[in-house]
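Notebook open, model loaded. I'm going through charge pairs, helices and odd backbone spots, and jotting down what I look up.

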Amino acid sequence: MSSFDRGSIAKKACTRCRRQKRRCDRALPECGLCQRLHKSCTYDTVELNTPEITPSPASETTHFGWEPLTPAQIKHAIVERLDSATPDSVVARYIRSINPWFPFLSHLAQRQLPSSWHDASLSFAMLSFCVVMLDTRPPLSEGSKCKSLYLWAKSWTSLIEGLGIHSLELVQARMLITLFEVVHGLYPAAYVSVGATARATDALNIHSRYLSSPDPSNNGTPTPEVAFIWCGIYTLDRYIAIESGSRLSLTGSVTPDIHDGLRKLICPSLYDEDHTSAFYKVSRLYGAADILDKMHTALNNPTGDSAADAQHIMLLLETASNLQAIVTKDIGYTDEVYSGALSLCNTGLFLAYENASKLTFIDEIITTCNTIGTMSLNDLLATLAATLDPFVNGTTIADFDRLSPFTMLMVYRAAALVTQRLLVENTCQDNLRMLRIFRGFLRTVSERWLCCERYLELLDENTTPRLLKFIEQGQNTDSGNT
């Protein structure tokens with residue numbers, strides 16, 4: 001800490017420490033924690049009450065006075081924050097930068113759009129605002145546009161809910177708010193929001209009206225838009241459950257009742273030859289999320305019958321491996337990093353292989369499982385490192401509009417596994433090389449998805465100074481070679 005004057009102390013913690021709720025020594029010009037983690041350190045020294053992102057006194061009086069709010073007032077406030085955006089331009093933004101990796105709102109591009117915001121409903125305006133929010137680049141520092149959009153979205157959602165307004169579009173808006181919290185690492189907010197989103201579908205009786213008892217005029221098949229909404233909630237819930245450790249998913253108790261309705265729509269698309277269609281993408285993501293959830297449940301909530309549990313996990317492993325092979329064949333090697341379905345499959349395989357590799361040698365069967373798990377884990381780590389290396393060394397530039405945030409959890413799990421290996425074993429150059437690649441990829445993508453910053457900080461917390469020194473030495477060597 002000798003690189004700066006310890007006598008200079010800020011009045012408040014730095015922006016990063018406050019956002020992460022960490023203890024900050026408030027040292028100037030950089031706090032000790034940010035300096036140790038090699039992160040940029042900033043303190044709030046500017047006036048945040050700017051016209052661009054802060055409501056004017058007049059608008060505060062109009063929209064947030066003591067008078068009861070009306071739907072028209074809320075819609076007016078939302079449209080004001082959309083600036084020069086039009087319904088057409090908002091949908092274009094969704095198609096360009098969200099639909100490639102989150103296709104669960106693809107019917108937004110197929111509907112008849114209002115010609116202007118004057119003709120739009122409150123629900124559509126709220127959904128459009130959430131699209132703009134998710135498409136806006138970070139940072140999430142106090143006073144930033146991205147942070148302001150998020151806080152407005154949360155506030156307006158509560159206000160609309162308080163007015164007793166419910167619609168499919170508002171459920172979709174809630175999905176995007178939850179997704180925003182996931183991709184930018186806002187926990188436990190994401191864990192809370194996905195539960196509220198699932199409850200919002202219950203308030204509309206989506207399960208009984210659209211899925212469990214689909215419209216007979218539609219040959220017993222649920223409405224695609226409604227089915228896609230549920231698949232999106234399902235996928236987010238499974239992802240968040242994995243993020244939250246051993247907790248089981250929130251929607252697991254209701255999914256058996258609606259699987260039959262979804263299967264009539266989703267399963268035929270598994271054989272769809274058009275790999276760019278929304279039906280194909282949703283079916284793959286839905287299938288991968290289902291396998292991931294079953295793997296997570298089997299590992300964290302065993303039945304007590306060890307033989308039956310082992311057989312169940314082996315069956316899930318076979319299913320996940322088959323889906324992994326099918327998706328890889330469909331998308332091609334160059335697009336593997338952009339596939340959310342492949343990332344979810346690999347995350348499930350990491351869970352299974354990691355647990356198998358930790359089994360204690362008791363009998364021949366357990367020893368075989370341990371050996372297979374260890375070898376398979378090594379192969380999966382090496383394959384992932386080879387896939388990500390071009391993005392880290394600069395030979396390939398990541399297309400953030402296509403890059404699925406679901407990939408980030410997979411990369412973090414891989415980095416955490418290699419980190420644990422290096423902590424308990426002698427330093428291995430192969431493991432160090434893979435760890436540099438995984439960390440380098442997270443650092444590269446952190447400029448778009450802030451969940452990567454959270455993952456890197458979690459990795460740093462579990463990394464010894466000795467290991468950090470080896471990593472930094474390797475990075476300096478790579479930079480010198482470049």
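**Salt bridges**

I searched the whole structure for salt bridges and got 16. My cut-off for a salt bridge is a side-chain nitrogen of Lys or Arg within 4 Å of a carboxyl oxygen of Asp or Glu. Note to self: this is a predicted model, so local features need pLDDT of at least 70 and side-chain atom pairs count only at pLDDT 80 or more, while totals for chains, interfaces and linings use all residues. Residues are numbered from 1 along each chain as its sequence is written, and side-chain values use heavy atoms, with hydrogens and water left out.

I pulled up Lys154 and Glu181, whose side chains meet in a salt bridge at 3.0 Å, N to O. Lys154 sits in helix H7 (residues 145–162) and Glu181 in helix H8 (residues 168–183), so the pair ties together parts that are 27 residues apart in sequence. Helices here are DSSP runs (H or I, at least four residues), numbered from the N terminus.

How exposed or buried are the two partners? For the labels I use relative accessible area: buried is under 20%, exposed is over 50%, and partly exposed is in between (1.4 Å probe, protein chains only). Lys154 is partly exposed, at 30%, whereas Glu181 comes out at 0% and counts as buried.

Next I checked Asp460 with Arg439, where the N to O distance of the salt bridge is 2.8 Å. Asp460 belongs to helix H19 (residues 451–461) and Arg439 to helix H18 (residues 429–445), so this pair ties together parts that are 21 residues apart in sequence. Asp460 and Arg439 are both buried.

Then Arg238 and Asp237: their side chains form a salt bridge at 3.4 Å, N to O. Arg238 is buried at 2% relative accessibility, and Asp237 is buried at 2% as well.

One entry goes beyond a single pair: Arg16, Glu453 and Glu457 are linked in a network of salt bridges. General reminder for the margin: side chains of opposite charge can pair when their charged atoms come close.

**Helix H11**

I took the length of H11 (residues 224–243) from its C-alpha atoms. Its 20 residues reach 28 Å from first C-alpha to last, close to the 28 Å expected at 1.5 Å a residue. The expected span is 1.5 Å times one less than the number of residues.

How many residues of H11 are buried? I get 19 of the 20, so the helix is largely enclosed by the rest of the structure. After H11 comes Gly245, with a positive phi near 90°.

**Helix H4 and Ile74**

Which residues of H4 (residues 71–81) are buried? My list has Ile74, Lys75, Ala77, Ile78 and Arg81. Looking down the axis of H4, I see the buried residues fall within an arc of 160°, so they line one face of the helix. That arc is taken over the directions from the helix axis to the C-beta atoms. The textbook background is that an α-helix has 3.6 residues a turn, so residues three or four places apart point the same way.

I picked out Ile74, which lies in H4 and is buried at 2% relative accessibility. Leaving out residues up to four places away in sequence, I find Ile74 touching Leu122, Trp156, Leu159, Ile160 and Leu163. Contact here means heavy atoms within 4.5 Å. Ile74 and Leu159 are 85 residues apart along the chain, and their C-alpha atoms are separated by 8.1 Å.

**Positive phi**

Just after H4, I hit Asp83 with a positive phi of about 55°. Asp83 is in the loop between H4 and helix H5 (87–97), and it is exposed, with a relative accessible area of 57%.

Arg26 is another residue other than glycine with a positive phi, near 60°. I located Arg26 in the loop between helix H1 (15–20) and helix H2 (32–37). Arg26 counts as partly exposed, at 32% relative accessibility.

**Cis peptides**

Where do the cis bonds turn up? I found one joining Pro138 and Pro139, with omega about 20°. Pro139 is in the loop between helix H6 (122–135) and H7.

I also logged a cis bond from Tyr187 to Pro188, where omega is near 10°. Pro188 falls in the loop between H8 and helix H9 (189–203).

How values were computed. Helix = DSSP H or I, 4+ residues; strand = E, 2+ residues; numbered from the N terminus.
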